[in-house]
Structure formats: C-alpha cells, structure tokens
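Please open the model in your viewer and keep the sequence panel beside it. The stops below suggest what to select next and describe what is found there.

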Amino acid sequence: MTRAFACAVLLAGAAASVPAKFNTSSWVGSAYTPAAAPNALWWGDYDGYEATVDREFGVLASWGAKTIRVFLHSMVYARNGTKMHDDMDRFLGLASKHGLRTGFVFFDDCWDHSGADLDAPCVPRKGVHNGCWKSSPQDVERTSISKFEPYVASTVARFASDPRVQWWEVYNEPQKSNNYSMALRDAGFKWAKAQNPTQAVLSCWDDNADTEIVDHHDYTTQFTGSWMLPVTHPNKTGLITEGGSRWFAPPFSADAGSPLTVLNFLSAVKRDPATADKVPGIILCWTWFVGNDNTRWHWSSPEGADEPVVPWDGLFFPDGTPVSYTEMGAFRLYATGVNDFLAYDDFLPKAVVDGDHFMNLAANQVWHAGKPGSPGGVGGALAEASFWPEASSGLFHMTSDGYNVEVDVAKNLLVLQIAMDADSPPLGTFDLSTLDNKGCKVGAWNVVQLLVTPTSVSVWFNTMLPETGFVGDASDKARVPHAPAPRITIAAVQPPADGDVMLWSDVEGMRVDYISKLPVAALPNLGH
C-alpha cells in the first residue's frame, strides 16, 4: 500500500549500528487482508472472517508462501484489547497450520486520517485505489503519545516469544514532516523493545534509529539503485515490506516493480557471492488478494474507472485463481526451489539490471518455448503469455498442445482453433469488447491462458474480480467466491499434441513480457 509516499526518494535516517542477527532471506510473501475486507478494521469482526482466513491461507500454502504482513488498528484495540489479542492468537494458529509466519503492523499514516467506523463498514468505490483504507491512529485519536503504550506494549508482551510471529512493525510510512507521527514511531519502538521480544522490531523508512532491520519500500525498477539499499547496509539485514506493483494501462503505463522483475532481482542477488548472505525478505505486489481494498486500480485511477485489464496489485483473485500462473510458478520456484515449469521465459537478464525487459516479436516470427514432444502429462497443461500490442491492429497467436488461440486486436476478438490448420473453422470465439475492461488493450499488457486437457480446452483472457462473484461491498464477507469462467471452453476434439508453446504475430511491435507452460498437476484449485 504506500501510499502517500510511494514513489518518493527513500532517505535513510541516522541510526545506531546493530548486529545483523535476523536472517530475512526466507521471509517471502505479501500483505494479507481478507479479500472481502476494505481495510484493517476487519479485525473488529474477526469471528465473521475466520472461515475465510482459513480458506485463503490454504491458497497461499498451496503455492509455497512463507510470510504474511498484517495490519492491526488502534481502534480495534481501544474497543476491546483482550478480544483483539485472543483473535490474534486464533489467527496465528490458522497461519501456523498452513506453514505461514506473520509480521504485524501497529501504526500507519496512509490514506484517510478520518472516518474510520467499526460499526459501519466503508463501501469501496469503483476505481478508487484504497478508498477505504484508514490510517492508524486516526487524527481524532491523536490526543497524546502515551495513550498508545498499552496497545503496543501489551500486544508485544502477549506474543513476545511466540515463534508464529516473525516481526513487529511499529509504523508503516510515517509522515516525516509530522512531528506526532515521528514521535509515536520513536515511542512505539521503545515500548516494543521493552518487552524483550525474540522477534525483530522494525519501522519505516529504510534504516533509522527505530528499526533493527532496513525496512524498504520501492515502486520503481531501479534495481541497481534504490532496491539495493536493504542489500548493502553494513550491519543490518533488510526486508522490503512493500515491493513493487505491475505495469498498469494508459495513462499510467510504467513498470512499478512487477513480480517477475522483483523475483529476478532477488534471484540475482542470491546468486552473487558478494551479496548472497544479504538477500532481503520480500513482501511482493502489496497484497495477496485482489479484493475490496481496490488496489487492483492505480493510485491515480478515477472513480468509476473500468475494471483493470490486469490488476495493479494482488497475486490471487478471491477464489484462489492466480492473476498470473507464471508469476506464481516463479514465486514457488523462488520461495521453495520447486520448478514446475514445462516452459518458461521472462526475457530478463539474469543479473541486477534496471528496468523491465521483454521480447519484441518480429512480424511473422515464430517463437518456441519449451521442448517439442513434451505435452503436459496425464492431466494436461496450461500455457500463459503476456503481450502488449503497440497498434490497434494485428493478430497475436499462442499455440500449445495442438490448439491455437488468436487475438484479433482490431476486432477485439478471441478465437480458438486447431493448431496449424488455417482452413479449419473456429472451435469457439468471444467478443472481448463486451467486457467491463474493454478486452484487449493497446499499449498495455494483456494476459491470455490456454488450458488443454484430454477432455476439454479452455481459454481465459484478462480476468476480472467481479467474475468471481464479488460485488464490492460488505456482503462479500458472506460469499464463497467461485473460479472465473473461461471466455471459451469446449470438449476436446483431439488428444493433446506436441508440447512446446509457440507465439506468432503478423505485425511488428508486438511485445511479449513472459511465456510459460505448467502442468495441471502443479496448479492448485484450477477451476475448483
């Protein structure tokens, strides 16, 4: 979330040196708020969310997640601190059951400093990024510093030696010009450390006197610059508690640190003997779930904006479907070392380099990924590509296991065909212009997925949150989201054929960000 300061230059404060006693390299995950919740006040209704928490944690565990970053809120403690602590204990029990450890955040200066109400949930507004996120503490609570000592001290004391807790984060993005916030950060650090916790105590920004770990946020692709801050500190390890967002559609098209570029950076740091012992932990793409925090839209998206072509933040839709199977396959590889890919190329240099890198597909060039003659196995396989049309014309083709998906950019039309048979009639079509996100977007990344099994063939294109059954208000808490339906699905007309993935376009300037193929056996909850 940053969120008031997201793209600002991150300055290191004066800080005392401490031993680098916390190895953060295995702290790999994202921030967690239930998909149906618009802000951290959901803790005030933990009982109503607990079943959802358990289900969503199961999704994370199935992809190798290790870590969750979780925001608390001062108003929840003020209402009933004992209940909040008991709920945290239940929450930690569920997280531990699924192999997850938790870092908790006490204070946060981001977004609305007024309007938080535990009894009247905020209703998200379409297009408004984090439109319901409420700072902690709210301005009305800021009557003294010392009033928050019980909140911090009693919470840390309750869990001070609990191995289920990974860290205590005193303050997310305190406003440097706000004397109250900076004083609260300083006091909060002292209150937490006074409880002698076994866990690290940290706080923004970067290195400062109130953190035991370099606490870095970055929404750039300056990997040789600002991203190296938590790597190069002489005495402290690092944790990137907010690490990037995806490219977004015009007029905001720029890579803000998309997941594959960030994982490539971390992998390069890990491979380099000079930095291998200083690999920072990572909280990737702001949040685990695309949901009612509305961070699937850009910071600057206007109210009422169309659903995004690809979410800006969030790794899963509420039902557990990944926004990108390629991203999550790469995440699993980085977090666990398990490589499930039958084919994979992100076109990134395997080194610490700035910027995103992609392939420019030449006109009539055929690109092969994977090995011919290696279909996905008994259960089939899913091929996925991310492509960027430069012009409002041209065809993009992806072929896998004997079937071909064509995207006609000019007609905004999706077509499924038998591969290598130009004379065969379409097996299915879909008019992409009927979608809320307007289908194929020129000057932006689009994601197409082709699933071929022995019995069926399905195609997805630029999946959207409402396709899981969510409506964007408090009623979503009671919903069990469903898998997004494919744009095209048919009964298989032939067995899966040759196993490599091919890309082709008839025009110059078709970019490809990544291409992958994964076996169905490696895809949890595919289509449920």
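**Two cis peptide bonds**

Begin by selecting Trp205, which sits in the loop between strand S5 (200–202) and strand S6 (214–218). This is a predicted model, and the features along the tour should be read in that light. Display the backbone atoms here, and look at the bond that joins Cys204 and Trp205, which is a cis peptide bond with omega about -5°. For the other cis bond on this tour, select Ser136 and Pro137, where the peptide bond from Ser136 to Pro137 is cis with omega near 5°. Pro137 is placed in the loop between strand S3 (101–108) and H4, and the helix that ends this loop is the next object to examine.

**Helix H4 and its partners**

Select helix H4 (residues 149–158) together with helix H5 (residues 179–193), whose axes lie 8 Å apart and pack at an angle of about 30°. Because angles under 35 degrees count as roughly parallel, H4 is roughly parallel to H5. The crossing of this pair is right-handed. Show side chains at the contact, to which H4 contributes Glu149, Val152, Ala153 and Val156, while H5 contributes Gly188, Trp191 and Ala192. By residue class, this contact of H4 with H5 comprises 5 nonpolar, 1 polar and 1 charged.

Keep H4 selected and add helix H3 (residues 81–97), which packs with H4 at an angle of about 35°, the axes being 11 Å apart. The crossing in which H3 passes H4 is right-handed. On the H3 side the contact is made by Met84, His85, Asp86, Met88 and Asp89, and on the H4 side by Tyr151, Ser154, Thr155 and Arg158. The residues of this contact of H3 with H4 divide into 3 nonpolar, 3 polar and 3 charged.

**From helix H1 across to Asp87**

Now select Asp47, a residue of helix H1 (residues 46–62). With a relative accessible area of 48%, Asp47 is partly exposed. Which residues is Asp47 in contact with, leaving aside its neighbours within four places in sequence? They are Lys83, Asp87 and Arg90. A distance label between the C-alpha atoms of Asp47 and Asp87 should read 8.1 Å, although the two residues are 40 residues apart along the chain.

**Into the nonpolar cores**

Next, select Trp43, Phe57, Ile68, Phe91, Phe104 and Trp288, which touch the most other members among the 89 residues in the largest nonpolar core. Centre the view on Ile68 and show what surrounds it: not counting residues up to four places away in sequence, Ile68 touches a set of residues including Tyr32, Phe57, Leu60, Phe91, Leu100, Trp167 and Trp288. Apart from this core lies another, of 34 residues, among them Ala343, Leu432, Val448 and Val457.

**Phe252 and the pair H7 and H8**

Move to Phe252, which is found in the loop between strand S7 (238–243) and H7. Phe252 is partly exposed, its relative accessible area being 23%. Beyond residues up to four places away in sequence, Phe252 touches His298, Ser300 and Ser301, and the C-alpha atoms of Phe252 and Ser300 are separated by 8.1 Å while lying 48 residues apart along the chain.

Follow the loop to helix H7 (residues 259–271) and add helix H8 (residues 325–336); their axes come within 10 Å and cross at roughly 20°. That angle makes H7 roughly parallel to H8. The crossing of H7 and H8 is left-handed. Where they meet, Pro259, Leu260, Leu263, Leu266, Ser267 and Lys270 in H7 face Thr326, Glu327, Ala330, Phe331 and Tyr334 in H8, and the residues of the contact divide into 7 nonpolar, 2 polar and 2 charged.

**Two loop residues with positive phi**

For the last stop, select Asn364, in the loop between strand S10 (359–361) and strand S11 (366–369). Asn364 has a positive phi of about 65° although it is not a glycine, and at 51% relative accessibility it counts as exposed. Then select Asp401, in the loop between strand S13 (395–400) and strand S14 (403–408), where phi is again positive, at about 55°, although Asp401 is not a glycine. Is Asp401 buried or exposed? Asp401 is buried, with a relative accessible area of 1%.

Terms used:
Residues are numbered from 1 along each chain as its sequence is written. This is a predicted model: local features need pLDDT of at least 70, side-chain atom pairs count only at pLDDT 80 or more; totals for chains, interfaces and linings use all residues. Side-chain values use heavy atoms; hydrogens and water are left out. Axes are lines fitted to C-alpha atoms, for helices over the stretch in contact, and angles run from 0 to 180 degrees between N-to-C directions. Helices (H or I, at least four residues) and strands (E, at least two) are DSSP runs, numbered from the N terminus. Angles under 35 degrees count as roughly parallel, over 145 as roughly antiparallel, 65 to 115 as roughly perpendicular and the rest as oblique. A crossing is left-handed if the near helix is turned anticlockwise from the far one by less than a right angle, and right-handed if clockwise. Contact means heavy atoms within 4.5 Å. Ala, Val, Leu, Ile, Met, Phe, Trp, Tyr, Cys and Pro count as nonpolar, Asp, Glu, Lys and Arg as charged, and the others, Gly among them, as polar. A nonpolar core is a set of buried Ala, Val, Leu, Ile, Met, Phe, Trp, Tyr and Cys residues joined through side-chain atoms within 4.5 Å. Buried means under 20% relative accessible area, exposed over 50%, partly exposed in between (1.4 Å probe, protein chains only).
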